[in-house]
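Subject: Structure for your reading

Dear colleague,

Please find the structure below, followed by a short account of what was found in it.

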Amino acid sequence: MAYRQENIKPYDSQQDKTEQVTRMFDNIAHSYDRLNHTLSLGIDRWWRHHAINQLKAYQPQQLLDIATGTGDFALLAYKLLQPAHIFGADISEGMMEIGRKKVAEAGLSDKITFQNEDCCKGMSFASDSMDAITIAFGARNFAHLDDGLKEMCRVLKLGKPLILLELSVPVHFPMKQLFWIYAHVVMPTIGRLISHDESAYTYLPSSMEAFPQAEIVSQSLKKAGFSEVHFERLTFGICTLFKAIK
C-alpha cells in the first residue's frame, strides 16, 4: 500500500526520501532535543513515559528502539524498565553521535548501544530476537511504511509488543483548526529560529498531515503480521500510541 507521507520530503532535490531525511536529521541534530520539548510545550515527556509504561508488564530484557535519534527514549526506557540491553537504531549518524555522548555521560555505554540501521531495507538483527520494540516519532519518516512494519515484526519474538508513538492531526473541532495554525505558523517559525533549517520544520507538519489516521495504521500493523493491535489518541489527538502484539 502507498501512503501519502512516503512522498513528502524535506528538501527539493533528486535524493530519495531516506537520503533526505538522513541529511535533515544530521543538520538539526544539535538542536533536536531542545526543539522537541519547545514545540510540544514539554508534553512529549509525558507521552514518552506513558508509552514506556505499556512495557512494564512484559519486563523486556532485549529492547530495540528504532529511529532512536539522540537516545532520549532509550535512556528513559532504561531508567523505567532496567532491561539487560537496549539497541538504538537510526539512519542518522549525527543524531546517534549525540546519543552516544549522553549515554556515556550517564555511564550506560555497556547497556545502550547505537548502530546505523534502515528499518525499511532490512536490519542486521536476527529474527525473533527482541523482547520489545519501540519507535517514537519516526514512522512518518519511513520511505516505505509497510516494509518497516514487517521488518519490526520479523525481529520481534512471538507474543511480544511493539510500541509505536507518532504525532497525528486532531480530527475534531476546535483542536483540528487550532492545530493547523500552530503547525503551519508557530512550528515552522520556532523551528527555523532554533535549528536554522527552514525546510525541516516545514516538512514536520506536512508529514504529520499526510500520515494515515490510527484506524489505517492499525490495519497496516495487522497486515505486517501483528495479531493484536490497539491504539490510544493522546492530548486531543495530537499524538497517537499504538500497541501491537506479534
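The notes below treat three strands and then the core.

This is a predicted model, in which local features need pLDDT of at least 70 and side-chain atom pairs count only at pLDDT 80 or more, while totals for chains, interfaces and linings use all residues. Residues are numbered from 1 along each chain as its sequence is written, and side-chain values use heavy atoms, with hydrogens and water left out.

Strand β2 covers residues 85–90, and six of its six residues are buried (under 20% relative accessible area, with a 1.4 Å probe and protein chains only). Strands are DSSP runs of E with at least two residues, and helices are runs of H or I with at least four, numbered from the N terminus. His85, Phe87 and Ala89 point one way from β2, whereas Ile86, Gly88 and Asp90 point the other way. In a regular strand the side chains alternate between the two faces of the sheet.

β2 runs parallel to β1 (residues 62–66), joined by five bridges; two strands pair if DSSP finds at least two bridges between them. Glutamine 62 has histidine 85 as its bridge partner in β2. With β3 (residues 112–116), β2 also pairs in the parallel sense, over five bridges. Here aspartate 90 stands opposite asparagine 116.

The largest nonpolar core (buried Ala, Val, Leu, Ile, Met, Phe, Trp, Tyr and Cys residues joined through side-chain atoms within 4.5 Å) has 46 residues. Phe25, Trp47 and Ile86 are among those that touch the most other members. Helix α4 (residues 72–81) gives the largest share, seven residues.

Yours sincerely

Definitions and conventions
Buried < 20%, exposed > 50% of the residue type's maximum accessible area, 1.4 Å probe, protein only.
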